[in-house]
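New to this one? Here's a quick tour to help you find your way around before you start clicking on things.

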Amino acid sequence: MRLLVQTGLCLVVLWFGLLGAGPVTEDQGEAASELAHAGLASEVAAAAGRSAEGPAVHQEEGAGSPILADQLVNYSAEEAKTAAAKPTVYLTFDDGPSEKTKEVLAILKREGVKGTFFMLGKEVKQYPDIARQVVKEGHAIGNHTYDHVYKELYSSFSAFAKQVMDTDDEIYKVTGIRTNLLRAPGGTFGNFDQGYYDALAKAGYIVNDWNVDSGDSTRVGVPAQEIINTVKGSRLSSKVVVLMHDSSIHGESVKALPEVIDFFKNKGYQFAVLTDQVKPIQFRLSPSMKWKRPKVTAAETLTLVQYTARTRTTLPRQNTQSLIIHAGGEDIPFAPQDYRMLNGTIDVPLRQLSLGLHGIIRLDMASGVVEAMVNNQSASWTAAEVGGSGTSLPSRIMVPLRETLQRFHFGISRITVTEGKREIWVEPSSV
């Protein structure tokens with residue numbers, strides 16, 4: 001009953017908010033889609049009905065259980081309808097980007113699968129084009145700190161937070177994305193105390209561990225077949241987060257990936273990316289820490305909180321889907337990086353929308369006003385309304401989709417969302 005209520009609440013939120021987110025490896029190794037974000041009301045309601053019986057847990061006993069055999073699988077309301085239909089696997093890749101990432105991307109594209117890439121800041125700086133390719137192809141990005149050096153990261157929270165902020169800035173500079181997904185190098189067990197968890201949570205970061213370790217980083221050069229066998233021998237549940245790596249030294253992981261994907265497909269799993277709507281897998285706190293360090297201070301926490309408050313005032317949601325607006329037989333396409341979701345609202349470039357609807361756009365640089373004429377309706381925005389200041393208009397003018405369509409006297413007649421595509425049908429309204 002509780003799950004049904006949660007799913008029903010999720011339905012209401014989704015329906016009203018739809019239009020409105022390196023090669024350094026430790027010797028000891030890493031461990032000793034939003035598939036259906038929203039859709040037609042009938043589809044979500046059907047999923048809610050199925051969820052009343054609860055998700056069927058798909059589980060097999062195996063030798064290679066993850067670091068925490070007692071890790072419970074928890075679902076957010078967002079995930080309830082998805083889990084009711086099929087078990088879900090989240091493929092995650094740490095330590096990139098690198099040249100190997102391009103090979104991983106090619107495999108994922110061929111298999112029709114999306115993944116989540118936890119990136120090192122220094123590797124993003126070295127391989128900016130590959131980081132951009134990850135976003136362009138609809139995958140999710142997470143923060144994996146700047147250089148992965150344990151003794152620095154876990155010597156003090158201020159050191160850890162600095163690496164997180166530096167990586168956050170590098171990812172944003174290269175991709176335009178501000179991600180709040182975070183994975184601790186080596187995982188949190190034995191590395192995080194409660195202070196780390198609390199400070200990161202206050203700053204809005206979502207810490208993600210895993211519950212299936214591929215074993216590809218237990219030592220250098222783990223053979224592909226061993227990686228495959230480890231995954232196949234792992235204990236599975238209806239929500240699986242797989243740890244793999246895509247740094248320059250993980251060529252064997254690339255070789256293993258196709259068979260890992262086939263394994264989960266044959267088991268009936270669907271693939272999705274981690275988002276801020278997916279409740280994270282987190283290891284329990286270790287009774288003893290691997291590191292001697294001072295407790296996290298209020299000042300250290302405040303520094304990180306102020307950073308995220310400053311940088312996330314215009315935080316776009318990571319899009320993993322293209323957007324297509326269908327209007328009178330014409331299609332207006334938007335790549336995932338061409339639009340953004342913020343607080344439940346879709347923002348699109350005004351120029352692209354206006355021209356796609358056979359309208360015109362005019363910029364008054366002297367007064368700082370942009371005007372568009374579509375469907376014989378005129379609408380204008382000041383610089384301040386579109387993210388500028390004074391009379392200075394931003395180089396890319398973003399406007400809320402639903403509100404702008406209404407100003408042009410267009411109504412929305414239909415919405416569908418699939419794993420890789422969000423489609424909206426619009427038509428002139430009589431009002």
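Let's begin with a pair of helices: the axes of α8 (residues 157-175) and α12 (residues 298-311) come within 10 Å and cross at roughly 10°. Angles under 35 degrees count as roughly parallel, so α8 and α12 are roughly parallel to each other. Keep in mind that this is a predicted model.

**Where α8 meets α12**
- On the α8 side, the contact is made by Phe157, Ser158, Ala161, Met165, Asp168 and Asp169.
- On the α12 side, the residues making the contact are Glu300, Thr303, Leu304 and Tyr307.
- Sort the residues of this α8 and α12 contact by type and you get 5 nonpolar, 2 polar and 3 charged.
- As a rule, two packed helices are described by the angle between their axes and the distance between the axes.

**The chain as a whole**
- Zooming out, the chain holds 14 helices and 18 strands.
- It has 431 residues, and buried ones make up 52% of them.
- About 18300 Å² of the chain is exposed, with carbon and sulfur atoms supplying 53% of that area.

**A helix with a buried side: α6**
- Helix α6 covers residues 128-136, and its buried residues are Ile130, Ala131, Val134 and Val135.
- Looking down the axis of α6, you'd find those buried residues within an arc of 145°, so they line one face of the helix.
- Turn to the face pointing away from the buried side of α6 and you'll meet the exposed residues Asp129 and Lys136.
- What covers the buried residues of α6? The cover includes the helices α4 (99-111), α5 (121-126) and α8, along with the strands β2 (116-119) and β3 (140-143).
- So α8, which we met above in its contact with α12, also turns up among the elements covering the buried residues of α6.
- After α6 comes Gly138, and its phi is positive, near 90°.

**A closer look at Glu371**
- You'll find Glu371 in strand β14, which runs over residues 369-374.
- Is Glu371 buried, exposed or partly exposed? Its relative accessible area is 26%, so Glu371 is partly exposed.
- Leaving out residues up to four places away in sequence, Glu371 touches Ile360, Ile361, Arg362, Ser378, Ala379 and Ser380.
- Take one of those partners, Ile360: Glu371 and Ile360 are 11 residues apart in sequence, and their C-alpha atoms are 8.4 Å apart in space.

Definitions and conventions: Residues are numbered from 1 along each chain as its sequence is written. This is a predicted model: local features need pLDDT of at least 70, side-chain atom pairs count only at pLDDT 80 or more; totals for chains, interfaces and linings use all residues. Side-chain values use heavy atoms; hydrogens and water are left out. Axes are lines fitted to C-alpha atoms, for helices over the stretch in contact, and angles run from 0 to 180 degrees between N-to-C directions. Helices (H or I, at least four residues) and strands (E, at least two) are DSSP runs, numbered from the N terminus. Angles under 35 degrees count as roughly parallel, over 145 as roughly antiparallel, 65 to 115 as roughly perpendicular and the rest as oblique. Contact means heavy atoms within 4.5 Å. Ala, Val, Leu, Ile, Met, Phe, Trp, Tyr, Cys and Pro count as nonpolar, Asp, Glu, Lys and Arg as charged, and the others, Gly among them, as polar. Buried means under 20% relative accessible area, exposed over 50%, partly exposed in between (1.4 Å probe, protein chains only). Accessible areas come from the Shrake-Rupley method with a 1.4 Å probe; for residues, only the protein chains shown count as cover. The arc is that of the directions from the helix axis to the C-beta atoms.
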